[in-house]
Amino acid sequence: MMLHDRTPTLSRLRTTLDQWSSGTLPADVVCARFRLAALEWNGLPERFESVLERLLQPLDTAVMLGDDSCGFSRVELAQALQQWLDHASQLPARH
């Protein structure tokens, strides 16, 4: 049985977070990359998908209203997304 290698996805999402944290990547790209990865992630439990959507909601708002008008901390949100990624990476791989 061949297991799906999540390493490229994890690496891409970590790079995405680093780029967004440093201000070199827009919020809409972060949302798109995380959502695409969640769709492609075989066996991702529904609770992980709902938590991810809650975490991405402030970014969606920032895209609609402009980054400056949103009252969330980029650092705290990046940390929360990193925690989500760390937990999701520990899930058993399915295909």
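The paragraphs below lead through the fold of this predicted model, from its overall make-up to its helices, charged pairs and aromatic rings.

The secondary structure of the protein consists of 4 helices and 0 strands, and reading along the sequence gives the pattern α-α-α-α. Of its 95 residues, 34% count as buried, while the accessible surface comes to about 6,000 Å², with 54% of that area belonging to carbon and sulfur atoms. The contacts also say something about how the chain is arranged: among those between residues at least 6 apart in sequence, 70% join residues at least 24 apart.

A useful place to begin is helix α3, which runs over residues 46–65. With 20 residues, α3 reaches 29 Å from its first C-alpha to its last, and this is close to the 28 Å expected at 1.5 Å a residue. The helix nevertheless carries a kink of about 35° at L56, shortly before the proline P58. The buried residues of α3 include F48, L52, L55, L56, L59 and A62, and L56 is therefore both the site of the kink and a buried residue, since buried means under 20% relative accessible area. The spacing of such positions can be read against a general property of helices: an α-helix has 3.6 residues a turn, so residues three or four places apart point the same way. As for what lies over the buried residues of α3, the cover includes α1 (7–21), α2 (27–40) and α4 (74–89).

Helix α1 offers a buried position of its own. T16 is found in helix α1 and is buried, with a relative accessible area of 0%. Leaving aside residues up to four places away in sequence, T16 touches L25, V30, R33 and F34. One of these contacts, F34, returns below as a member of an aromatic cluster.

The charged side chains come next, and here the count is 4 salt bridges. In one of them the side chains of D86 and R14 meet at 3.4 Å, N to O. D86 lies in helix α4 and R14 in helix α1, so this pair ties together parts that are 72 residues apart in sequence. Both partners are partly exposed, D86 with a relative accessible area of 34% and R14 with one of 31%.

Two further salt bridges both involve R35. In one, the side chains of E53 and R35 meet at 2.8 Å, N to O, and the pair links distant parts of the chain, with E53 in helix α3 and R35 in helix α2, 18 residues apart. E53 counts as partly exposed at 37% relative accessibility, and R35 is likewise partly exposed, with a relative accessible area of 24%. In the other, the side chains of D60 and R35 meet at 2.7 Å, N to O; this pair again links distant parts of the chain, D60 being in helix α3 and R35 in helix α2, 25 residues apart. D60 is partly exposed as well, at 27% relative accessibility. Salt bridges that share partners thus join R35, E53 and D60 into one network.

The aromatic side chains add another set of links, and a search of the whole structure finds 3 aromatic pairs. The rings of W41 and W84 have their centres 6.2 Å apart and their planes at 75°, so the pair is edge-to-face. W41 lies in the loop between α2 and α3 and W84 in helix α4, which places the two partners 43 residues apart and makes the pair a link between distant parts of the chain. W41 is buried, and W84 is buried too. W84 also pairs with F48: their ring centres are 6.4 Å apart and their planes stand at 65°, so this pair is edge-to-face. Because F48 lies in helix α3 and W84 in helix α4, the pair ties together parts that are 36 residues apart in sequence, and both of its members are buried.

Taken together, F34, W41, F48 and W84 form one aromatic cluster. Two of its members connect back to earlier points in this account: F34 is among the residues that T16 of helix α1 touches, and F48 is among the buried residues of α3.

Technical notes: Residues are numbered from 1 along each chain as its sequence is written. This is a predicted model: local features need pLDDT of at least 70, side-chain atom pairs count only at pLDDT 80 or more; totals for chains, interfaces and linings use all residues. Side-chain values use heavy atoms; hydrogens and water are left out. The expected span of a helix is 1.5 Å times one less than its number of residues. The bend at a residue is the angle between axes fitted to the seven residues ending there and the seven starting there. Buried means under 20% relative accessible area, exposed over 50%, partly exposed in between (1.4 Å probe, protein chains only). Contact means heavy atoms within 4.5 Å. Accessible areas come from the Shrake-Rupley method with a 1.4 Å probe; for residues, only the protein chains shown count as cover. Rings of Phe, Tyr and Trp (its six-membered ring) pair if their centres lie within 6.5 Å; planes under 30 degrees apart count as stacked, over 60 as edge-to-face and the rest as tilted.
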